Protein chains: 2
Amino acid sequence: MSKGLPKRSEDYSLWYNELVKRADLAENSPVRGCMVIKPYGFSIWEKMQAELDRMFKETGHSNAYFPLFIPKSYLSKEADHVEGFAKECAVVTHYRLMNDPNGKGVVVDPDAKLEEELIVRPTSETVIWSTYKNWVQSYRDLPLLINQWANVVRWEMRTRLFLRTAEFLWQEGHTAHATKQEAIDESIQMMNVYAHFAEEFMAMPVVRGVKSASERFAGALETYCIEAMMQDGKALQAGTSHFLGQNFAKAFEVKFTSKEGVQEYVWGTSWGVSTRLIGALIMAHSDDQGLVLPPKLAPIQVVIVPIYKGEEQLQVIAEKVTELTKGLRKKGISVKFDDRDTYKPGFKFAEWELKGVPVRLAIGPKDLENNSVEIARRDTGEKELFSLENSLEDKIEALLDDIQASIYKKAYDFRAEKTTVVNSYEEFKQILDEKAGFVSAHWDGTAETEEKIKEETKATIRCIPLDQQAEEGNCIYSGQPSKGRVLFARAY
Amino acid sequence: MSKGLPKRSEDYSLWYNELVKRADLAENSPVRGCMVIKPYGFSIWEKMQAELDRMFKETGHSNAYFPLFIPKSYLSKEADHVEGFAKECAVVTHYRLMNDPNGKGVVVDPDAKLEEELIVRPTSETVIWSTYKNWVQSYRDLPLLINQWANVVRWEMRTRLFLRTAEFLWQEGHTAHATKQEAIDESIQMMNVYAHFAEEFMAMPVVRGVKSASERFAGALETYCIEAMMQDGKALQAGTSHFLGQNFAKAFEVKFTSKEGVQEYVWGTSWGVSTRLIGALIMAHSDDQGLVLPPKLAPIQVVIVPIYKGEEQLQVIAEKVTELTKGLRKKGISVKFDDRDTYKPGFKFAEWELKGVPVRLAIGPKDLENNSVEIARRDTGEKELFSLENSLEDKIEALLDDIQASIYKKAYDFRAEKTTVVNSYEEFKQILDEKAGFVSAHWDGTAETEEKIKEETKATIRCIPLDQQAEEGNCIYSGQPSKGRVLFARAY
């Protein structure tokens, strides 16, 4: 709180890192690449979890829990999967420590070497499908609609709080179905659940689409995704839902007897979102004063700061606040009364601004006299004097709705402004360098072209939008014919 | 479902294992010692988590998340702690796999050896206190009241579903305080939260006490615990809360400036309960027909089974059920209508009995005629015909309360019957062998005696009860003077 945040316009990356730390969201841990999620940051994750979990259950899914460890050989059972995930992994090789015979401390006991190494799960398809084998015999056992909330580890070399860490928290849904169509429908449904969550709760507009073959999940036949636009013009993949075909069923021999008595392989999906969403939430809305949180995910929706001199004045204000708080809480609004006597109001204002509390109320002796309260909204900074002759609960409820909608609209308009249709590679490169954002362009559909563009511009195909218009055109790179535009961007 | 469970009286251990599997609670995974918690089992854990999490928050705690990995050297920083935990651990030594140069599959990349090995957390004191160092400067930063829900790994050689597994799920609270008394009060408070949860929600009476020095948590000055009695007369430690003194503060240099401007070490506590509670729940109440779940933790409180011939009858019953279900759900009662047409009523009755659903309703054509329903309670097996002239919601609500209370009373009476006061070592050994349960006896307070008794009888001191009466006596083993009785038992 000693000095202001770096400005987004001057150093977006530094602004992000500082904001995450100063707003008490997370910090780097002593373990390389692993983060500590601090209580305020974790409470945002809890809000996200609660809404997502509710939506998963409403769509018929149950939670379960599978082992942290995966036998090394399991990773090799699905050919594409091993290429994608058996690389940067945390490998457990021993199961015991012993006192160092040469002195202090402990060392790994060489006699306690595992016969087969265990991998800390980077994702759980293999261990889950090996389990499903025993759960599925007949069509009556299908569908299996299961989700798990878990930690996973991918040994990333360059990490960034929330966006890319060696360990992160996520949920991973793994479903098994009797028919191909049912599995495809499931993966599309879950992409839609994610999109709904992003737009309705995170106030973050997303493009729904499918990944190009080279950006697909290792082991999937199709990867559905939601893509969001950050304030620096870079895209962020916010959630993916994979149609796995029968790949994992074949790798782990998961078969069922159909109604007609025929043995068939099961069809699968998997889908996940992670603590990365917190990074997206921060980068989508926050400003140079700090976090801007959508009311639906804000751990504290309203903070009340008393303006007073001496214990006696505080006492009178506190009584009024108790009354107001009661009314607000009845409406389900979360309220914090910041009556710390160790800090001045100005300090508190700056702190809650930094922490993104959507609405701030300030009450001083004059307000008591006039039966009023000052209301300030975080997103626009607007203040107004509100007469308590009227219902404060109704006012705040409407205000929170308005803030939620305004934040969404601002992000929506920003994205629209940052989406550019281009028809030549020159224009493509120019837009990427000068304006950034999504670039909508024709592509010939080949991995070679995609790779070349990536090499030359660092832009990747974020997705082939589901609402892609049929439009004849020519690939901006190869000039080959194309039947519709895809979205390119530089991305997190 | 093909045949009955083993009987408790014949093979308690087999009965437990079979019940856990057949009731779809959990199963062994392909990874040695790690379990898969199946959806039905996990939904019990979710119920437990929700209540505990609410209680933690009501007592001022926030959730956070700390890394899965602990640098090996951290374990050595607290002298007792390293003795207790740096033994059977999962050790990560490498961070990369590569294609096997000699053929198929993947192997550990020898070039990707970590400079310092990482331990998969067996408990998180060390990594958390190393973090707290930077969070605490002044008395204003205290207390820190933090909890985390996490997975931990202890490489157990003999594992048992829920009771002892290499990986398990738990919560671990870690708090830091300015004064000794505040830390002691916190550890007692959390023991009381656990006791309240066990008795109120699990319907499982517990003894509150402190551990003897040799049973204490490695690094604690005092371990408070709750101890429960299982149906086979063995005790089970259901939760522990540790007063850590300044041990971890000193090991990790966590100091604060007091109000008086003096630099002091912080006082700490830690406390935890785990998925072991599910094992306790099963063993405390269930019978030879299957699970008996207390209504407050039952994922499904009421199951409705239709008795019908043909689609038409089912249709009429379903309409009635929809109406009844609506009323029950309004009261917050969870209801499942089992209208599967692939199974007969008798099969369904047995299945829900096995799964411990507290109340079963059966409705057939005769019931429709008479405007009645058959109500069966799981705990006693009692059935009654209930006229729907009266309010079913009120009836079921009262019945669930009654079942919750009855299950508790049954367990309470059982424990009373299984608690024996003895005054000689002969009697002590005889009771242990012939009756089991808690044995209340005088002990001279020395670790030597405790160890000898353990060696000779396999009984351990479960706790020194907090409500211990002052009573002069002589140690059953050494004859030395003792000022009060402690509770011994063979234990899980």
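Reader: What radius of gyration does chain A have, set against that of a compact globule?

Author: In this predicted model, chain A has 492 residues. A compact globule with that number of residues would have a radius of gyration near 23 Å, and the value for chain A agrees with this. The radius of gyration of chain A is 26 Å.

Reader: What percentage of the residues in chain A is buried?

Author: Chain A is built with 14 helices and 27 strands, and its C-alpha trace spans about 80 × 70 × 55 Å along the principal axes. Of its 492 residues, the buried share is 48%.

Reader: Is G41(A) buried or exposed?

Author: G41(A) belongs to helix α2 (residues 39–58) of chain A. Beyond its neighbours within four places in sequence, G41(A) is in contact with D24(A), L25(A), A26(A) and I278(A). Because 25 other C-beta atoms lie within 10 Å of G41(A), and 20 or more suffice for the term, G41(A) is buried.

Reader: How many residues of chain B are in contact with chain A?

Author: On the chain A side, 55 residues take part in the contact between the two chains. By class, that side has 32 nonpolar, 13 polar and ten charged residues. The number of chain B residues in contact with chain A is 55.

Reader: Which residue of β5(B) is the bridge partner of H94(A)?

Author: Strand β5 (residues 91–94) of chain A and strand β5 (residues 91–94) of chain B run antiparallel and are joined by three bridges. In β5(B), H94(A) has as its bridge partner V91(B).

Technical notes:
Residues are numbered from 1 along each chain as its sequence is written. Chains are lettered from A and ligands numbered from 1 in the order in which they are written. This is a predicted model: local features need pLDDT of at least 70, side-chain atom pairs count only at pLDDT 80 or more; totals for chains, interfaces and linings use all residues. Two residues are in contact if their C-beta atoms, placed from the backbone, lie within 7 Å. Ala, Val, Leu, Ile, Met, Phe, Trp, Tyr, Cys and Pro count as nonpolar, Asp, Glu, Lys and Arg as charged, and the others, Gly among them, as polar. Two strands pair if DSSP finds at least two bridges between them. Helices (H or I, at least four residues) and strands (E, at least two) are DSSP runs, numbered from the N terminus. The radius of gyration is taken over C-alpha atoms; the globule rule is 2.2 Å times the number of residues to the power 0.38. A residue is buried if 20 or more other C-beta atoms lie within 10 Å of its own, exposed if 12 or fewer, and partly exposed in between; C-beta atoms are placed from the backbone.
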